[in-house]
Amino acid sequence: MPAQLTNTLSQYIIRIRRYLGESTASISHWDDDFVKQVFNTSYRKRCGDLIMAHEGFFTIIGTRDLVADQGRYAWPTGFSRLLKLELVRSDGRRVPVQRDERHFAIADIANVGGDQYIPTYRPVGSGFVFEPPPTESVTNGIQLEWNGVPEELTADGDALHSDFPILYDELLVLDTAVSLFDAEGMQESGQMRTLLRLRQEWEQQWEQFIQNRMISIQKVVPFITHFNDA
């Protein structure tokens, strides 16, 4: 089946303006810059929905170096959500690093190096901390999987990220058209109700995103009966 060249920004603007009934920016209530802004807002929002589906959309795999005596590392550029954090051994094996907030245990500063290094991690600010820190430097000793942030579409030839389900790109077109009509209505009537509704939608998604920013595994300890003295 031949590729359909309809998923560039210029084509999306044409499709949006068909719904608006104003074919060009020169005769329109909405200039192209504003249409692009609203389109990218909808695009980011729908990408956030896909990320929270936990199906691997917008996943990036990368490595970084372990640095001797350095416990704190920054998240990669464009990071939005951690999926997996692993140590890479000398033979290529990858060992998952467990998250441990360590609310009660004492920090263990004693540790062995090489392939026996087994830290835990905890997120801090815009990065994470290994406890204990490594004793040796290892090139590409850390492998991460994370959700990246799809780039906004700015040039006419820009296309959606390849992970976005192109079968449903019409949803972005309709999102944008409805939002543009909402914006016009707010300007004409001065009403805040539509704006508050939009903010509420974003607020709900924000809460869901924050609650699932990192993958955590819940472990259940089997129930142990009370000891009965014979």
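In what order do the elements of the chain run from the N terminus on? They run α-α-β-β-β-β-β-β-β-β-α-α. Keep that order in mind as you move through the views below, which show a predicted model.

**Figure 1. The whole chain, with its four helices and eight strands.** Start here to get your bearings. Of the 230 residues in the chain, 33% are buried. The exposed surface comes to about 14900 Å², and carbon and sulfur atoms supply 54% of it. Contacts often reach a long way along the sequence: among those between residues at least 6 apart, 72% join residues at least 24 apart.

**Figure 2. The largest nonpolar core, a set of 23 residues.** The members that touch the most others are Ile-16, Phe-39, Tyr-43, Leu-160, Phe-164 and Leu-180. Helices α1 (9-20), α2 (32-51) and α3 are the elements that give two or more residues to this core. Which of them gives the most? That is α2, with seven residues. For some background, nonpolar side chains tend to be buried together in soluble globular proteins.

**Figure 3. A closer look at Leu-180 and its contacts.** Which residues does Leu-180 touch, once its neighbours within four places in sequence are left aside? Its partners are Ile-16, Leu-20, Trp-30, Phe-34, Val-35 and Val-38. One of these partners, Ile-16, also appears with Leu-180 among the core residues that touch the most other members. The model holds a second, separate core too, made of 16 residues, including Phe-79, Leu-82, Leu-87 and Leu-144.

**Figure 4. An aromatic cluster that includes Phe-79.** Phe-79 is joined in this cluster by Tyr-73, Trp-75, Tyr-117, Tyr-121, Phe-128 and Phe-130. Across the whole structure, a search finds eleven aromatic pairs. If you would like to describe a pair of rings yourself, the distance of the centres and the angle of the planes are what you need.

**Figure 5. Arg-17 and Asp-32, joined by a salt bridge.** The count for the model is eleven salt bridges. In this one, the side chains meet at 2.9 Å, N to O. The pair links distant parts of the chain, with Arg-17 in helix α1 and Asp-32 in helix α2, 15 residues apart. Is Arg-17 buried or exposed? Arg-17 counts as buried because its relative accessible area is 3%, under the 20% limit for that class. Asp-32, with 32%, is partly exposed.

**Figure 6. Lys-84 and Glu-145, a salt bridge between two strands.** Here the side chains meet at 4.0 Å, N to O. Lys-84 belongs to strand β3 (residues 81-88) and Glu-145 to strand β8 (residues 138-147), and the two are 61 residues apart. Lys-84 is partly exposed, with a relative accessible area of 34%, whereas Glu-145 is buried at 16%.

**Figure 7. Two more views of charged side chains.** In one view, Arg-93 forms a salt bridge with Asp-91, and their closest N and O atoms are 2.8 Å apart. Arg-93 is partly exposed at 46% relative accessibility. Asp-91 has a relative accessible area of 52%, so this residue counts as exposed. In the other view, a network of salt bridges links Arg-15, Asp-169 and Glu-170.

**Figure 8. A nonpolar patch on the surface, made by Ile-166, Leu-167, Tyr-168 and Leu-171.** The patch covers about 460 Å². Leu-171 lies in helix α3, which spans residues 170-189. Why does Leu-171 count as partly exposed? The reason is its relative accessibility of 37%, because partly exposed residues fall between 20% and 50%.

**Figure 9. Two residues of helix α2, Lys-45 and Asn-40.** Lys-45 is buried, at 18% relative accessibility. What does Lys-45 touch beyond its neighbours within four places in sequence? Its contacts are Glu-201, Trp-202 and Gln-205. Lys-45 and Glu-201 are 156 residues apart in sequence, and their C-alpha atoms are 9.9 Å apart in space. Asn-40 is buried as well, with a relative accessible area of 4%. With its neighbours within four places in sequence left aside, Asn-40 is in contact with Glu-152 and Leu-153.

Definitions and conventions: Residues numbered from 1 in each chain as written. Predicted model: local features only at pLDDT ≥ 70, side-chain atom pairs only at ≥ 80, totals over all residues. Heavy atoms only, no water. Patch = residues over 30% accessible without salt bridge, like charges linked within 9 Å, V, L, I, M, F, W, Y side chains within 5 Å. Areas by Shrake-Rupley, 256 points an atom, 1.4 Å probe, with all protein chains shown as cover. Buried < 20%, exposed > 50% of the residue type's maximum accessible area, 1.4 Å probe, protein only. Core = buried A, V, L, I, M, F, W, Y, C linked by side-chain atoms within 4.5 Å. Contact = heavy atoms within 4.5 Å. Phe/Tyr/Trp six-rings, centres within 6.5 Å; stacked < 30°, edge-to-face > 60°.
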